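Please read this briefing alongside the sequence and the coordinates. The points below are grouped by topic, so that each can be checked in turn at the viewer.

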Amino acid sequence: MTRLLLASLVTVAAALLYAPVQAASVHRYEVSVDPSLERVAVRACFDGNAPEALVAESDGARFYLESMRIGERLIEPAGDKVILGATGVNTCLDYQVKLQPSQTNVQAGGPETRRIGRNMLTSIGDWLWRPQEPGAAIELTFRLPSGVEVSAPWQRKTGSEGRPVFLAGATPYNWPGIVAFGHFTPRDIEVPGAVLHVAVLNAPEARQAQLEKWIENTARNVTLLYGRFPVASLQVVVAPTPRGRGPVPWAYVARGGGPAVHLFINMARPAEDFERDWSLTHEMSHLFLPYVVSRDAWLYEGIPTYLQNVLMARGGAISVEQAWQRMRSGFQSGERTAPELNLARANERVANGVYLRVYWAGAAMMLDADLRLREQTGGKQSLGGALEQLSYCCAAEARRWSAQEIIARLDELTGTSIFGDLVRAQFESNGYPDYEAVFKRAGIKVEGMQVEFDAAAPWAAERDALMRSSAVAPR
Ligand SMILES: [Zn+2]
């Protein structure tokens, strides 16, 4: 009796717990991709009442839309929306999209639709028309030509017949993201705290294995900040680019549908060049922060610009001396860039070639804050520990944060005013962060390629601890 009662109580509790989830509608989209990879046909079946309108993230989506109908009724876009009008319940809608791949040689921005050999990168916003309401759940299945695979940022479910099934809708419709279709071999790579869903496009098999190893090694280095990768699932898409500087001429993080890193690489460069390159560590380190508004580049670029060298040194991709040397030369190039601009002004003009000043000023502030926090708490806290706390409270929220909110939260989580004080002082001053003073307190002397450490410096212990992953105590 007791057991029965308990069982039924558990059932009631479970029903209460899951009731809202069951009540929420799940719209079902079936996406058929044409063998040319340039045409996509979508059948969207709405659960219960159809949404009043559908939206797409990309401005071009309405021009790529060939036709849309509910039964016999033709539906035309009105501005940037599609108004569905009166429909019955559980209505299905059909539409066709003709993708327009970019004609430029080299990609230099966020998600766009582009042909890469026998593959098609697509900006999701070019073809996915979805309800605007946040939290509108969409289950997507794909019908793909034989031999064609799909890479997507959405949460993946195991589908029947081995067909990929994804759950979209967790992030706002206007966050850009990419889906790739093509003749590639997807691979899941597990690292502490995460599965990386990797798609390497247009690479010979041996090259692909080497690139996957590089991605895994880099992700492992990134876990050395606080013991796990900052997000549980990551889409990684690697594509060759015909030209540009270094092994990774272009890379960016996208958040639409879920976190993603998209890399354009120079396939001709040897493996060692990739292992020593900072780009992927930098991109993955963006994921230590939630999505930050674009005007606050000093923070969302400052943190990865600082951590790229720390994490590479922790993982042994570069030496500790090299990390300090790279940091110092970065701070110097930031200082030399647009010296007439203070941080607030430089931050406003980050797109106009002054990004080095903004990135490295932010990085210098983070180094300073990390060392101060370690000193003030007797080594119990660190920037890494604070970012771990931030991941628990704030990473899952599907909204954008301002730098001010993040800084306030970091102070709250650490029980200090270190971040706020430092940021306020920097924005009130007209100068560049005083990294020379920080290096001096930390007892780091860099001359050319020569780096010397002073064991008696005030921040010697903090300096050594921040380059060691063991300094992060498990919580
Ligand atoms: Zn960046």
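**Briefing on the predicted model**

Aspartate 421 is partly exposed, its relative accessible area being 38%. This is a predicted model, and the mean pLDDT of the chain is 91, with 93% of its residues reaching 70 or more. The topics that follow are helix α13, the salt bridges, the zinc site, two buried residues, a buried arginine, and finally domains and confidence.

**Helix α13**

- Aspartate 421 forms a salt bridge with arginine 424, and the closest N and O atoms of this pair are 3.3 Å apart.
- Both residues belong to helix α13 (residues 418-428), where arginine 424 and aspartate 421 are three residues apart, about one turn of the helix.
- An α-helix has 3.6 residues a turn, so residues three or four places apart point the same way.
- Arginine 424, like its partner, counts as partly exposed, and its relative accessibility is 47%.
- The buried residues of α13 are a separate set, with Ile418, Phe419, Gly420, Leu422, Val423 and Gln426 named as buried in this helix.
- The cover over the buried residues of α13 includes α7, α9 (343-348), α10, α11 (383-394) and α12 (403-414).

**Other salt bridges**

- The model has 21 salt bridges when a side-chain nitrogen of Lys or Arg must lie within 4 Å of a carboxyl oxygen of Asp or Glu.
- Arginine 441 forms a salt bridge with glutamate 375, with 3.8 Å between the closest N and O atoms.
- Because arginine 441 lies in helix α14 (residues 435-441) and glutamate 375 in helix α10 (residues 355-376), this pair ties together parts that are 66 residues apart in sequence.
- Both ends of that bridge count as partly exposed, arginine 441 at 35% relative accessibility and glutamate 375 at 36%.
- Aspartate 273 forms a salt bridge with arginine 269, and here the closest N and O atoms are 2.8 Å apart.
- Arginine 269 is partly exposed, with 28% as its relative accessible area.

**Zinc site**

- The zinc ion has His282 (NE2), His286 (NE2) and Glu301 (OE) as its protein donors, which lie 2.0 to 2.1 Å from the ion.
- Along the chain, the donors of the zinc ion follow the spacing H-x3-H-x14-E.
- Histidine 286 lies in the loop between α6 (279-285) and α7 (297-315), whereas glutamate 301 lies in helix α7, so the pair ties together parts that are 15 residues apart in sequence.
- Histidine 286 is buried, with a relative accessible area of 9%, and glutamate 301 counts as buried at 10% relative accessibility.

**A buried arginine without a salt bridge**

- Arginine 255 is located in the loop between β20 (250-254) and β21 (260-265).
- Although arginine 255 is buried, it has no salt bridge, and the nearest side chain of opposite charge, that of glutamate 283, is 8.8 Å away.
- Beyond residues up to four places away in sequence, arginine 255 touches Thr171, Trp175, Pro176, Leu287, Leu289, Pro290 and Tyr291, among others, and one of its contacts is the histidine at position 286.

**Two further buried residues**

- Tyrosine 252 is placed in strand β20, and at 8% relative accessibility tyrosine 252 counts as buried.
- Apart from neighbours within four places in sequence, the contacts of tyrosine 252 include Gln107, Gly109, Gly110, Pro111, Ile178 and Glu283.
- Leucine 383 is found in helix α11, and leucine 383 is buried, with a relative accessible area of 0%.
- Leaving aside neighbours within four places in sequence, leucine 383 is in contact with Tyr306, Met366, Asp370, Leu373 and Phe419, and Phe419 is itself one of the buried residues of α13.

**Domains and confidence**

- The chain is divided into domain 1 (25-107 + 117-170), domain 2 (187-287) and domain 3 (289-471).
- The C-alpha centres of domain 1 and domain 3 are 41 Å apart.
- Over residues 1-23 the pLDDT stays under 50, and the model has zero contacts beyond four places in sequence for this stretch.
- Residues 471-475 also have a pLDDT below 50, but this stretch has eight contacts in the model beyond near neighbours in sequence.
- Where pLDDT is low, the predicted coordinates should not be read in detail.

Terms used. Residues numbered from 1 in each chain as written. Predicted model: local features only at pLDDT ≥ 70, side-chain atom pairs only at ≥ 80, totals over all residues. Heavy atoms only, no water. Buried < 20%, exposed > 50% of the residue type's maximum accessible area, 1.4 Å probe, protein only. Helix = DSSP H or I, 4+ residues; strand = E, 2+ residues; numbered from the N terminus. Donors = N, O, S within 2.8 Å, 3.2 Å for Na, K, Ca; no water. Lys, Arg positive; Asp, Glu negative; His and termini not counted. Contact = heavy atoms within 4.5 Å. pLDDT = per-residue confidence, 0-100. Domains from an automatic or database assignment.
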